[in-house]
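Hi,

Here is the structure I promised to pass on. Have a look at it first, and my notes on what turned up follow below.

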Amino acid sequence: MFGYYFDPTYILVLVGAVLCMLASARVNSTYAKYSKVRARAGYTGAEAAQRILQMSGIRDVQVQHIGGNLTDHYDPVHKVLRLSDSVYGSRSVAAIGVAAHECGHALQHKEGYGPLSIRSKLVPAANIGSRLGLPLVILGLILGVGFDLPGGGYFSLAQIGIWVFSLAVLFQVVTLPVEFNASGRALKLLGSYGIMNGDEVDDCKRVLGAAALTYVAAAASSILQLLRLVILAGNRRDRD
């Protein structure tokens, strides 16, 4: 019998946290390594991004500088590709790889890539799920309140919270093919557009592969958290 203050489902949260920490450490160490390797063609991250966009026929996307470290992202609403301090002006293999990855998202947007469209539509629901899902579950477990369904049956507040939180989990899962596809596009374009040679593309693959692990870890962590909430709600229902 577990102690009163010990909840065995915390193990799931701990596993998720460890996965995220390991993935973060991996991407930071990999990026730091290849940020010291200068690309032979001499492009900066911004110049490489502009070249990729131009050669891909994308002329309505601006490349802008944004503060921070690895805060790079593509904004499909304003059609702006924002590159961070460590990428915009850097001539490293790592910086060019990250810039090319963001260009991959711009290409996805141009072509109407399905998973990207789905992810964009999920953003509002995912924000609600990440903010309200867990509090609703906790309140439901503490108060034990719920709602009677018109056709019979009962729906607890904890169950509602689980469904709301599931929206955030779904967003994390849909993000995976979006990010992997963007990296795949980036690696092909870097070679075909003459921005990098074969061995440099391999180095970029290592950088983008490490970055992809952070998305995998985030998705796994959110799934484990969802599983924990389902177990807790089930235990509460059994007690009732």
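Of the contacts in the protein between residues at least 6 apart in sequence, 71% link residues at least 24 apart. Please keep in mind that this is a predicted model.

For the overall picture, the protein has seven helices and five strands. Read from the N terminus, the order of its elements is α-α-β-β-β-α-α-α-β-β-α-α. The C-alpha trace spans about 65 × 40 × 25 Å along its principal axes. Of the 240 residues in the protein, 43% are buried. The protein exposes about 12800 Å², and 62% of that comes from carbon and sulfur atoms.

The helix pair I spent some time on is helix 4 (residues 93-111) with helix 6 (residues 157-192), whose axes come within 7 Å and cross at roughly 110°. Angles of 65 to 115 degrees count as roughly perpendicular, so helix 4 is roughly perpendicular to helix 6. The crossing of helix 4 past helix 6 is right-handed. On the helix 4 side, the contact is made by Ile 96, Gly 97, Ala 100, His 101, Gly 104, His 105, Leu 107, Gln 108 and Glu 111. Helix 6 contributes Val 178, Glu 179, Asn 181, Ala 182, Ser 183, Arg 185, Ala 186, Leu 189 and Leu 190. By type, the residues of this contact between helix 4 and helix 6 are eight nonpolar, seven polar and three charged.

Two single residues may also interest you. Ala 48 sits in helix 2 (residues 45-55). Its relative accessibility is 1%, so Ala 48 counts as buried. Apart from neighbours within four places in sequence, Ala 48 is in contact with Tyr 43, Ile 96 and Ile 195. Ile 96 is also one of the helix 4 residues in the contact with helix 6. If you would like a distance to check in your viewer, the C-alpha atoms of Ala 48 and Ala 125 are 34 Å apart, with the two positions 77 residues apart along the chain counted as their separation.

The other residue is Ser 222, found in helix 7 (residues 198-239). Is Ser 222 buried or exposed? With a relative accessible area of 10%, Ser 222 is buried, because the cut-off for buried is under 20%. Leaving out residues up to four places away in sequence, Ser 222 touches Phe 165, Val 169 and Gln 172.

Happy browsing, and do write back with any thoughts.

Best wishes

Key. Residues are numbered from 1 along each chain as its sequence is written. This is a predicted model: local features need pLDDT of at least 70, side-chain atom pairs count only at pLDDT 80 or more; totals for chains, interfaces and linings use all residues. Side-chain values use heavy atoms; hydrogens and water are left out. Axes are lines fitted to C-alpha atoms, for helices over the stretch in contact, and angles run from 0 to 180 degrees between N-to-C directions. Helices (H or I, at least four residues) and strands (E, at least two) are DSSP runs, numbered from the N terminus. Angles under 35 degrees count as roughly parallel, over 145 as roughly antiparallel, 65 to 115 as roughly perpendicular and the rest as oblique. A crossing is left-handed if the near helix is turned anticlockwise from the far one by less than a right angle, and right-handed if clockwise. Contact means heavy atoms within 4.5 Å. Ala, Val, Leu, Ile, Met, Phe, Trp, Tyr, Cys and Pro count as nonpolar, Asp, Glu, Lys and Arg as charged, and the others, Gly among them, as polar. Buried means under 20% relative accessible area, exposed over 50%, partly exposed in between (1.4 Å probe, protein chains only). Accessible areas come from the Shrake-Rupley method with a 1.4 Å probe; for residues, only the protein chains shown count as cover.
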